[in-house]
Structures are given as C-alpha cells and as structure tokens.
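Colleague: I would like to learn how to read a model like this one, feature by feature. Could you take me through it slowly, with the general idea before each case?

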Amino acid sequence: MHFLSHLGRLKLIKMEYGNEYGQVSGRKYESLLFDLDDTLYPLSSGLATECRKNIEDYMAQKLGIEESRIPDMCNILYKTYGTTMAGLRAIGYDFDYDEYHSFVHGRLPYEKLKPDYVLKNLLLSLPLRKIIFTNADKVHAAKVLTRLGLEDCFEGIICFESMNHPLKNTISDGEVGGFRPATTPSTEIFDIIGHFSQPNAGSKLPRTPIVCKPSEAAIDRALNIVNLNPQRTLFFDDSLRNIEAGKLMGLHTVLVGTSQRSKGADYAIESIHNMGDVLLDLWEAEEKPEKARYDDKVAIETYVTA
Ligand SMILES: [Mg+2]
C-alpha cells in the first residue's frame with residue numbers, strides 16, 4: 001500500500017536522525033479520536049436517514065407528540081441540545097434511555113454496512129492510540145464496529161453510557177423503583193417551537209440532564225476518561241459543530257465527509273480513507289523546520305562563494 005510504505009519511510013528517517021543527533025523529540029500526535037456514525041462510514045450508507053425516521057416515530061408513538069410539529073421540533077432540539085434525545089429531556093419529556101436507544105437504533109438496516117478492510121489495515125498500521133467518541137449508545141457502537149470489521153481497531157469507546165450516569169434516568173427523585181410509565185412527561189412540556197418563533201420573548205431555555213457532543217462537558221469528560229492530551233490528539237468528526245467545539249477545547253480537528261475546510265477544522269477530508277493524507281502532511285510539516293534550516297545554509301554558502 002502506497003501510504004504504508006511512505007509511512008514506513010518517514011518513521012525510518014526520523015529514527016535515523018534521532019539516533020545520529022539524539023535530539024529529535026517525539027511525534028506531536030499520539031492519539032486519534034473518532035466520531036462513529038457518518039465518520040467511519042459514509043453518509044450515503046443511509047443509516048442516518050433511517051435513524052431520523054425512527055426518532056420521529058418515537059416522538060409520535062411513544063411521547064404522543066403531534067405529528068405536524070415533529071420535523072420542526074426535531075431540528076430545533078438537535079440544533080439546540082446536540083441530540084434530539086437531549087433536547088426532549090430538556091423540554092420535559094421523561095423516558096427510559098435504553099428503551100429510546102433500542103427503538104431508534106434497533107431497527108436500523110445495519111446490513112448496509114460492509115466490512116472495510118482498507119480502513120482496518122490503515123488503522124492497525126498507525127502506531128497511535130485510537131478511540132471512538134460517539135453520542136450513540138454502546139450497543140449501537142458495537143454493532144456498527146462489528147459490521148465494519150473494525151471491532152479490534154480501537155482502544156476504547158466513549159459513548160452515551162460513558163458520558164451519562166446510568167442511574168440518573170432510571171430512578172428519579174422520590175421513586176423507589178417499581179413500575180413507572182416510560183412515556184409520561186414528569187413536568188410541563190416547554191414550548192420549544194414557540195420559544196424560537198419569538199426570539200426576544202425573554203424566556204430562558206431549559207437545560208438538559210444529558211451530556212453529549214458538542215458540549216464542552218462532553219468533550220472534557222471524554223478527554224478525562226481516556227486521559228488524552230488535546231494538543232496531541234487529532235479529532236475526526238463529520239459534524240461541523242462538533243469540530244468547532246473540539247477546536248475550542250484544544251483538539252486538532254479533521255472534518256470528515258467534505259473537502260471544504262470550514263472554521264474550526266484544521267483539515268477536511270472527503271472520506272475517512274483519506275486520513276493518511278492528513279497524517280503524512282502533519283508529519284512532513286514536523287520535518288520542515290530541519291529542511292528549512294538546511295535550505296538557508298545552502299543559500300548562504302552560495303552567496304558567499306559567488
Ligand atoms: Mg457523526
């Protein structure tokens with residue numbers, strides 16, 4: 001594979017140089033942090049569309065939300081709270097997280113995901129820490145990674161369960177267990193559509209108990225769980241707002257799914273298969289200071305002898 005042979009050569013150059021002069025510091029990047037959905041497989045697989053449909057069905061069937069309001073509500077909640085689920089909890093719906101996840105992810109056409117041996121070989125060849133960071137639940141993450149054949153490529157998975165305490169939802173205040181209807185709103189529902197149709201109304205947005213990207217708390221928690229130094233970590237995500245948030249937290253960022261670089265994205269790649277290009281570019285950039293010094297010297301000598 002072209003990339004691997006190139007990678008091998010770079011490593012060799014660095015090692016030789018290090019041995020000779022004994023002053024080469026370690027590589028700047030030591031970890032890769034990956035979003036899962038629409039990052040490790042393309043958006044065109046269609047899972048995202050199906051997932052959205054399932055969320056809308058959940059809102060109608062389980063939460064009894066009026067169907068005509070659902071598309072707008074879904075968009076607003078997703079934009080405001082990171083995930084629709086986090087938004088639903090914020091505005092007052094109470095439901096079992098596991099039930100939600102199995103409804104929304106359980107019926108997804110996972111068979112559309114095929115083993116990606118190219119990506120697998122690429123990941124396994126990189127001598128860096130590799131970690132998944134997803135808002136989805138652990139069952140979904142495991143299913144996706146298995147379908148892609150990537151289950152052995154990562155040190156760990158930071159998912160919904162890692163960021164959210166498991167007991168917070170299943171036992172609410174004053175409840176000592178027993179039957180609790182999963183779909184009964186615990187409080188009055190906040191009118192989120194109304195709120196955004198009157199932006200100057202002055203009412204404050206309710207907060208969500210759910211921790212998820214792109215919040216600072218979620219990224220901070222992820223970095224702590226796996227003890228990552230953001231300055232030495234490359235973060236891959238298909239969501240621009242996650243990338244922007246990651247950048248603010250000090251991560252080096254790669255927007256996946258487009259070649260159009262945007263604010264907050266240090267790099268943009270059409271497909272995760274192009275991640276080798278990013279790493280090569282970074283490693284070559286680290287070599288450049290030496291190269292530049294050498295070029296200066298040549299220039300001076302030429303000048304002197306002329
Ligand atoms: Mg994603």
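**Reading the sheet, the core and the loops**

Modeller: Let us begin with one pair of residues, leucine 32, which stands opposite lysine 130 in E2. This pair belongs to a predicted model, and strand E1 (residues 31-34) and E2 pair in the parallel sense over four bridges.

Colleague: And over how many bridges do E2 and E3 pair, and in what sense?

Modeller: E2 and E3 pair in the parallel sense over three bridges, and within this part of the sheet isoleucine 131 stands opposite glycine 156 in E3. As a general idea to keep in mind, in a regular strand the side chains alternate between the two faces of the sheet.

Colleague: What is the order of the strands in the open sheet?

Modeller: The open sheet has six strands in the order E3-E2-E1-E4-E5-E6, with parallel pairing. E3 and strand E6 (267-269) stand at the edges, and because each has a single partner strand, one side of each is left without a neighbour in the sheet. Neighbouring strands of this sheet are turned against each other by 25° on average, with direction ignored.

Colleague: Now to the interior: which residues have the most contacts inside the largest nonpolar core?

Modeller: The general idea is that in soluble globular proteins, nonpolar side chains tend to be buried together. Here the largest nonpolar core has 62 residues, and those with the most contacts inside it are Phe34, Ile132, Ile158, Phe236 and Val254. Helix H11 (residues 216-225) gives the most to this core, with four residues.

Colleague: If I centre my view on phenylalanine 236, which residues does it touch?

Modeller: Leaving aside residues up to four places away in sequence, phenylalanine 236 touches Leu32, Phe34, Asp35, Thr39, Val254, Val256, Ile272 and Met275. Leu32 in that list is the residue we began with, the one opposite lysine 130, and Phe34 and Val254 are, like Phe236 itself, among the residues with the most contacts inside the core.

Colleague: How should I read a helix that lies against other elements, and which residues of H7 are buried?

Modeller: A useful habit is to ask which residues are buried, and then where they sit around the axis. In helix H7 (residues 138-148), His140, Ala141, Val144 and Leu148 are buried. They lie on the same side of H7 because they cover an arc of only 100° around the axis. What covers these buried residues includes helix H5 (97-106), strand E2 (129-133) and strand E3 (156-158). H7 is followed by glycine 149, whose phi is positive, near 75°.

Colleague: Which residues have a positive phi although they are not glycines?

Modeller: Aspartate 38 is one of them, with a phi of about 65°, and it is found in the loop between E1 and helix H2 (47-61). Asparagine 227 has a positive phi of about 55° and lies in the loop between H11 and strand E4 (233-237).

Colleague: Why does asparagine 227 count as exposed, and why does aspartate 38 count as partly exposed?

Modeller: The reading rests on counting neighbours, with 12 or fewer for exposed and 20 or more for buried. Asparagine 227 counts as exposed because it has 8 C-beta neighbours inside 10 Å, whereas aspartate 38 counts as partly exposed because it has 19.

Colleague: Where is the cis peptide bond?

Modeller: The cis peptide bond joins lysine 213 and proline 214, with omega about 5°, and proline 214 is found in the loop between H10 and H11.

Colleague: Finally, how much confidence does the predictor report, and where does pLDDT stay under 50?

Modeller: The protein averages a pLDDT of 83, and 76% of the residues score at least 70. Over residues 167-182 pLDDT stays under 50, and the model has 10 contacts beyond four places in sequence for them. Over residues 291-306 pLDDT also stays under 50, and for this stretch the model has zero contacts beyond four places in sequence.

Methods
Residues numbered from 1 in each chain as written. Predicted model: local features only at pLDDT ≥ 70, side-chain atom pairs only at ≥ 80, totals over all residues. Core = buried A, V, L, I, M, F, W, Y, C linked by C-beta atoms within 7 Å. Helix = DSSP H or I, 4+ residues; strand = E, 2+ residues; numbered from the N terminus. Contact = placed C-beta atoms within 7 Å. Arc of directions from axis to C-beta. Pairing = 2+ DSSP bridges. Axes fitted to C-alpha atoms, helices over the stretch in contact; angles between N-to-C directions. pLDDT = per-residue confidence, 0-100.
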